[in-house]
Amino acid sequence: MAKTSANSPLNSLRGKIRVAAIIFAAVIAIYRLITYLIVSLIAEDPLYTIFLPFVFVILAVVAFGWWLSNEIVRPIEKVSLLAKSFERGLPTTPPKSSGAAETDELLQTLYRISQQTHKLVGAMDDVANGK
């Protein structure tokens, strides 16, 4: 995957969704026109010239929704896995990038909180042991 600049709209989940929605709207318009023209050349019945492109558009929307949901869920799953490992007290390092600026910031914050908690527990152990 190509690197994006800090100000790129593809650097955040909100930007990815907005860009994807704009591209999808354009693709649907072009796709609808092309399928209408193809079907109207093949079938003369108006039912088919309306129904078949509609079915194709529904399939395209379902495929797009599947892709977009994965784009949103993957970074959140990474944050969730990191939080669960911190909950178990396992010393881990956060992934380099989750794919979205918001979740990357959250990963770093969770990691810093975990590090501070481990230091605090270590200091409490030292005090309890008389060190």
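The expected span of a helix is 1.5 Å times one less than its number of residues. For α1, with its 30 residues, that rule gives 44 Å, and the end C-alpha atoms sit 42 Å apart, so the two values agree. Helix α3, residues 101-128, gets the same treatment: its 28 residues reach 41 Å from the first C-alpha to the last, close to the 40 Å expected at 1.5 Å a residue. All of this comes from a predicted model.

Zooming out, the secondary structure comes to three helices and zero strands, and the pattern along the sequence is simply α-α-α. Of the 131 residues in the protein, 21% are buried. The protein exposes about 9,800 Å², and carbon and sulfur atoms supply 68% of that area. As for how the chain meets itself, take the contacts with a separation of 6 or more: residues 24 or more positions apart account for 54% of them.

Helix α1 has both a buried side and a nonpolar surface patch to look at. Its buried residues are Leu13, Gly15, Lys16, Ala20, Phe24, Ile28, Thr35 and Val39. Three of these names turn up again in the largest nonpolar core, where Ala20, Phe24 and Ile28 join Val57, Phe64 and Leu68 to make six residues in all. The elements that give two or more residues to this core are α1 and α2, the latter spanning 46-87. Ala20 shows how the pieces meet: leaving aside neighbours within four places in sequence, Ala20 is in contact with Phe64, Trp67 and Leu68.

Then there is the surface patch. Ile30, Ile34, Ile38, Leu41 and Ile42 form a nonpolar patch with about 560 Å² of accessible area together. One of its members, Ile34, lies in helix α1, which runs over residues 13-42. The relative accessible area of Ile34 is 43%; buried means under 20% and exposed means over 50%, so Ile34 counts as partly exposed. A bit of helix geometry is handy here: an α-helix has 3.6 residues a turn, so residues three or four places apart point the same way.

Further along, Phe86 is a good place to see contacts away from the core. Phe86 belongs to helix α2 and has a relative accessible area of 14%, so with the buried cut-off at under 20% it counts as buried. Not counting residues up to four places away in sequence, Phe86 touches Thr92, Leu110, Tyr111 and Ser114. Ser114 is itself one of the buried residues of α3, along with Thr103 and Leu107. Phe86 and Gln115 make another pair to check: they are 29 residues apart in sequence, with 9.4 Å from C-alpha to C-alpha.

The loop between α2 and α3 holds Gly99. With a relative accessible area of 24%, Gly99 is partly exposed. Setting aside neighbours within four places in sequence, Gly99 is in contact with Lys16 and Asp104, and Lys16 is among the buried residues of α1. Gly99 and Glu71 are 28 residues apart along the chain, yet their C-alpha atoms are separated by 8.5 Å. One more glycine closes the tour: just after α3, Gly130 takes a positive phi of about 80 degrees.

How values were computed. Residues numbered from 1 in each chain as written. Predicted model: local features only at pLDDT ≥ 70, side-chain atom pairs only at ≥ 80, totals over all residues. Heavy atoms only, no water. Patch = residues over 30% accessible without salt bridge, like charges linked within 9 Å, V, L, I, M, F, W, Y side chains within 5 Å. Areas by Shrake-Rupley, 256 points an atom, 1.4 Å probe, with all protein chains shown as cover. Salt bridge = Lys/Arg side-chain N within 4 Å of Asp/Glu carboxyl O. Helix = DSSP H or I, 4+ residues; strand = E, 2+ residues; numbered from the N terminus. Buried < 20%, exposed > 50% of the residue type's maximum accessible area, 1.4 Å probe, protein only. Contact = heavy atoms within 4.5 Å. Core = buried A, V, L, I, M, F, W, Y, C linked by side-chain atoms within 4.5 Å.
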